[in-house]
Amino acid sequence: MSGAAGGPPRAAPIVVIGGGIAGLAAAWELTGGERPDPGAPRVVLLEAGPRLGGPLDSAPIDGTVVDLGPDGFLGRRPEAAALCHEVGVGELLRPIGASGASLYSRGRLRALPTGLVLGVPTRWWPVARSGILGPLGSARLLRDALLPLPDRRGPLGDRALGPLVARRQGRAVVEALVDPLVGGIHAGSVADMSAAAVMPQLLAVPRRGGLMRALRRNTAAAAPAEPDAPAFWALVGGMRSLVGALEARLVERGVELRTGTPASALGRDGEEWALEIPGGRLAAQAVVLAVPAGAAGALLEPHDANAAVLERSIEYGSVSVVTMAFRDELGLPGGTGFLVPRHTRSPLATDRDPDLLITAGTFLDRKWPHLAEPGRTLVRVSAGRFGDRRAEEMGDDELVERVAGGLAVVLGTAARPTERMVTRWPNAFPQYKVGHLLRVNGIEAAVKRLPALAVAGAAYRGVGVPACIASGRAAARSVLEALGAGAGPP
Ligand SMILES: Cc1cc2nc3c(=O)[nH]c(=O)nc-3n(C[C@H](O)[C@H](O)[C@H](O)COP(=O)(O)OP(=O)(O)OC[C@H]3O[C@@H](n4cnc5c(N)ncnc54)[C@H](O)[C@@H]3O)c2cc1C
């Protein structure tokens, strides 16, 4: 507790640990959210790194600012667009400018069929016509319509997403469609990914009967929260526009934003939390932990060993991103980009390294027309996922060479980029493995027993920017409620 000499002691602040989008959203909510609260408690945000925003970062290539991490966010969830409006960058929102994408399958790019729900087909004919599955895979999928197999799952409980879909629609569907789409979003594998956490609708459909038919019904019945919103939004100036505006508004509200300040330990001192930070200790009346799961585990260890174990059991995948500018004609297919299934053999293969390194490509200026400039094409390619560390272990030069080679294979072009930019995102994607929600429920229950403390961020209930914003704001409300309920100091 600190106080001016002779004056009344100043209440300890609420401390947000972690300055990614979840932590920033928590600080925003703590200070009143949409309506600034002049009576709001003092808030300090600690960020270990040199800047705020986590993967929400942007930088110029060939004179145009592009995103290095997320380049857009889902429109049918309202949280991210709402926050943009609240912090004053609503007029910078731009809707996605193209739809559809391709998949590199059986030697060439093929348009993804319509009627997929996170890669799971809801109609047979568009998938069969796409040629992605080949005749055997298409025939196996047809069985889901004509002679469906029941699930092997009990009425409750989680299942691995891949095997669940494979049993009903065949392995080819999982390898060619579900793993590239869902695995791509999470930089993981659907072989052991939690259906309950990632695609709960799969567990909600009847165990018997066709999966395609059940998902069709389910999709028709589920109305999006924002039915008229574009599928995705981006921001002029990139995601930095949102982070920069949040930063400025939070400072205006008196929030102390301390970068380069890791919290290395979290203790209790009487009625308060006591944080170890470089150069000393910081008292807090409440804490929002908006850090990755490993860091949260370390900080929670002295207070709940089980929560710490659960946190540490959440593993992370790494991704490397290469953004390139081309001046030559690339002959791109339609849509926003392409996906490359795991274990796609490369014509550049060696015995040691048989598969293509790249996992996905985004045609940035097609997807986001505000980035377009005549005579230039911006392509962003991702490499690496959980279990495939090849890209992570390569130097930048080798990575660019291999990515350009992979792009040449997939697009069938010999064009060379005029500029390239490499961004590394180590341990950035939490893996929602089978049982993930049980782990999260356990962590949340443990944290609830601690005084005025909450967790937030991508580790728990959604990796997308809107979900992280929602979790940060919910964590803020939960500690405010705990303080209001007298859990904190008087
Ligand atoms: C390449 C990439 C592409 C993506 N694309 C999309 C997309 O298109 N759309 C979408 O919606 N989402 C996308 N995502 C996901 C989304 O960006 C992330 O899930 C989200 O930004 C995570 O936010 P967070 O606040 O939970 O975590 P983070 O941003 O990781 O923030 C946690 C912060 O805590 C800090 N920290 C850690 N330990 C401590 C400590 N002890 N003390 C103080 N600070 C600490 C870290 O430095 C970090 O800044 C993408 C992510 C990546 C990496």
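**View 1. Asp57 and its salt bridge to Arg240.** Asp57 sits buried in this predicted model, with a relative accessible area of 13%, and the cut-off for buried is under 20%. Its salt-bridge partner is Arg240, and the closest N and O atoms of the two are 3.0 Å apart. Asp57 belongs to the loop between β2 (43-46) and β3 (58-61), while Arg240 is part of helix α10 (residues 240-252), so this contact ties together parts that are 183 residues apart in sequence. Arg240 itself is partly exposed, at 24% relative accessibility.

**View 2. Arg390 with Asp388.** Here's another salt bridge, this one between Arg390 and Asp388, with 3.0 Å between the closest N and O atoms. Is Asp388 buried or exposed? With 15% relative accessibility, Asp388 counts as buried. Arg390 comes out at 21% and counts as partly exposed, because the partly exposed class covers whatever lies between under 20% (buried) and over 50% (exposed).

**View 3. Glu401 reaching Arg416.** Glu401 and Arg416 make a salt bridge, their closest N and O atoms being 3.4 Å apart. The pair links distant parts of the chain, 15 residues apart: Glu401 is in helix α15 (residues 396-411), and Arg416 is in the loop between α15 and β21 (419-430). Both ends get the partly exposed label, Glu401 with a relative accessible area of 45% and Arg416 with 43%.

**View 4. A salt-bridge network.** Which residues are joined into one network by salt bridges that share partners? They are Glu29, Glu86, Arg473 and Arg477. For context, the count for the model comes to 28 salt bridges.

**View 5. An arginine patch on the surface.** Now for some charge without a bridge: Arg123, Arg213, Arg216 and Arg217 gather in a surface patch of positive charge. Take Arg213, which you'll find in helix α9 (residues 211-221). Arg213 is partly exposed, with a relative accessible area of 48%, so it clears the patch cut-off of over 30%.

**View 6. The β14–β15 hairpin.** Strand β14 (residues 272-277) runs antiparallel to its partner, strand β15 (residues 280-284), and the two pair over five bridges. For a handle on the register, look at Glu276: its bridge partner in β15 is Arg281. How many residues lie between β14 and β15 in this hairpin? There are two, and Gly279 in the turn has a positive phi of about 85°.

How values were computed:
Residues numbered from 1 in each chain as written. Predicted model: local features only at pLDDT ≥ 70, side-chain atom pairs only at ≥ 80, totals over all residues. Heavy atoms only, no water. Patch = residues over 30% accessible without salt bridge, like charges linked within 9 Å, V, L, I, M, F, W, Y side chains within 5 Å. Areas by Shrake-Rupley, 256 points an atom, 1.4 Å probe, with all protein chains shown as cover. Salt bridge = Lys/Arg side-chain N within 4 Å of Asp/Glu carboxyl O. Lys, Arg positive; Asp, Glu negative; His and termini not counted. Charge placed at Lys NZ, Arg CZ, Asp CG, Glu CD. Helix = DSSP H or I, 4+ residues; strand = E, 2+ residues; numbered from the N terminus. Buried < 20%, exposed > 50% of the residue type's maximum accessible area, 1.4 Å probe, protein only. Pairing = 2+ DSSP bridges.
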